[in-house]
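Biologist: I should be grateful for a close look at one part of this structure, namely a strand and the strands beside it. Please then place that part among other features of the chain.

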Amino acid sequence: MSSYKVLDVNDDLPIRTKGAVHSGKVRSVYWLTDADSARLIEEKGYQVPVGTELAIMVISDRISAFDCIWQGENGLNGVPGKGIALNSVASHWFSLFDKAGLAGNHIVDIPHPYVWIVRKASTVRVEAIARQYITGSMWRDYAKGVREFCGLQLPEDLEANQKLDNVLITPSTKGIIKGLADVPEVDDVNISRKNIEDNLTAFNFKSAADVDKYEQLLTEGFALISKELEKLDQIFVDTKFEFGYVEDKDGQERLIYIDEVGTPDSSRIWDGPAYRDGKIVENSKEGFRQLLINNVPDSDVLLNKDRMPEREALARDYLLPEAVMMSVSETYVGIASKIVGRELTIPADPRQEVIDILDKQYGLID
């Protein structure tokens, strides 16, 4: 066994909940009972309306890429410190957004580096993507001759990894949106602003003005993170934000940031000095994707969507060398420590720490 303890399974904690635990690729969400939500709002003085539903959101150290979860040798079924790195970075940006007077977010409390207490939001069904450089899937399509992305025209003669004149907003669907003429019924498909404006209800927007609002919040958030990373000589390449509606204490509905922002999972971050030297050094999950492409026996399995069953079998059976998992850990913990301005401490036993804190300080463990 590896000497490192990771939090790989995060959906079986003995937290008192109402209904099933909702488990995503990286985070699990435990909706609290109405009684516990009400008790914590009162006890902790959370600035949310009485009756707001709260959830415990627990991040894991699992790593997903190419729509699969990957494991390492010696029982290392996650990347040490990855969960803490993501949570620390996202809450750092959220707090700077607050200071800059941008929209709020869904976090009401942070009991432990692996745990957020969040309020329920009505999710906008758009993955809000902003790009400052042409790279990744956009470059692969551009190289094949595609010039229109999400209703935007790109000029001729762009080169790989080139900085774009403006930040481009290239949204995709969050989940599968059914019954729209111009939108294929698959998750994560590119859409245009016009698709959204023509189908506000399907994308869960309350008004056309809120489409302007989400673009404004995406652009302002992108600019703030970009400027802060510049101070560290890091380049904010592209990112994905998510938005949702909540009700304020005064009864007003408000669009806020949800999920995570500006993390190495949801963004590409490049090393500045290397870029100026003509090289790309990834300080984000993209580096792990490249490691996989270079390590697996047949990289086409990862890149070809028609080979999904083979890909799932590969991810299930293939164990990455422990050295690979540790180098990914260094990337995540390294960039996160830079961003938050202090060394991150990786807990010896994250699972037990989380249970103890939620028991003793929050009274949520049965």
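Modeller: In this predicted model, strand S2, residues 27-31, is joined by five bridges to strand S3, and the two run antiparallel. Within this pair, Arg-27 stands opposite Ile-59 in S3. Strand S3 also pairs with strand S7, residues 115-119, in the antiparallel sense and over five bridges. Here Val-58 of S3 stands opposite Val-115 in S7.

Strand S3 itself covers residues 54-59, and six of its six residues are buried. Its two faces may be taken in turn. Leu-54, Ile-56 and Val-58 lie on one side, while Ala-55, Met-57 and Ile-59 lie on the other, and all are buried, so both faces of S3 are covered. Ile-59, the residue that Arg-27 faces across the pairing, thus belongs to one side of S3, and Val-58, the residue that Val-115 faces, belongs to the other.

A second group of strands may be set beside this one. Three strands, in the order S4-S5-S17, form an open sheet with mixed pairing. Strand S4 (63-65) and strand S17 (319-320) stand at the edges; each has a single partner strand, so one side of each is left without a neighbour in the sheet. S4 and S5 run antiparallel and are joined by three bridges, with Ile-63 opposite Trp-70 in S5. Helix H9, residues 308-317, lies across S5 and S17 and runs at about 25° to S5.

The cysteines and two loop residues complete the account. The structure holds zero disulfides. Cys-68 counts as buried because its relative accessibility is 6%, below the 20% limit for that class. Cys-150, at 12% relative accessibility, counts as buried for the same reason.

Asn-74 is in the loop between strand S5 (68-72) and helix H2 (82-99). Its phi is near 60°, a positive value in a residue other than glycine. Because its relative accessibility is 40%, Asn-74 counts as partly exposed. Asp-157 is found in the loop between strand S11 (152-153) and strand S12 (163-169). Asp-157 likewise is not a glycine and has a positive phi, of about 65°. With a relative accessible area of 69%, Asp-157 is exposed, since that class begins over 50%.

Terms used. Residues are numbered from 1 along each chain as its sequence is written. This is a predicted model: local features need pLDDT of at least 70, side-chain atom pairs count only at pLDDT 80 or more; totals for chains, interfaces and linings use all residues. Side-chain values use heavy atoms; hydrogens and water are left out. Helices (H or I, at least four residues) and strands (E, at least two) are DSSP runs, numbered from the N terminus. Buried means under 20% relative accessible area, exposed over 50%, partly exposed in between (1.4 Å probe, protein chains only). A disulfide is a pair of cysteine sulfur atoms within 2.5 Å. Two strands pair if DSSP finds at least two bridges between them. Contact means heavy atoms within 4.5 Å. Axes are lines fitted to C-alpha atoms, for helices over the stretch in contact, and angles run from 0 to 180 degrees between N-to-C directions.
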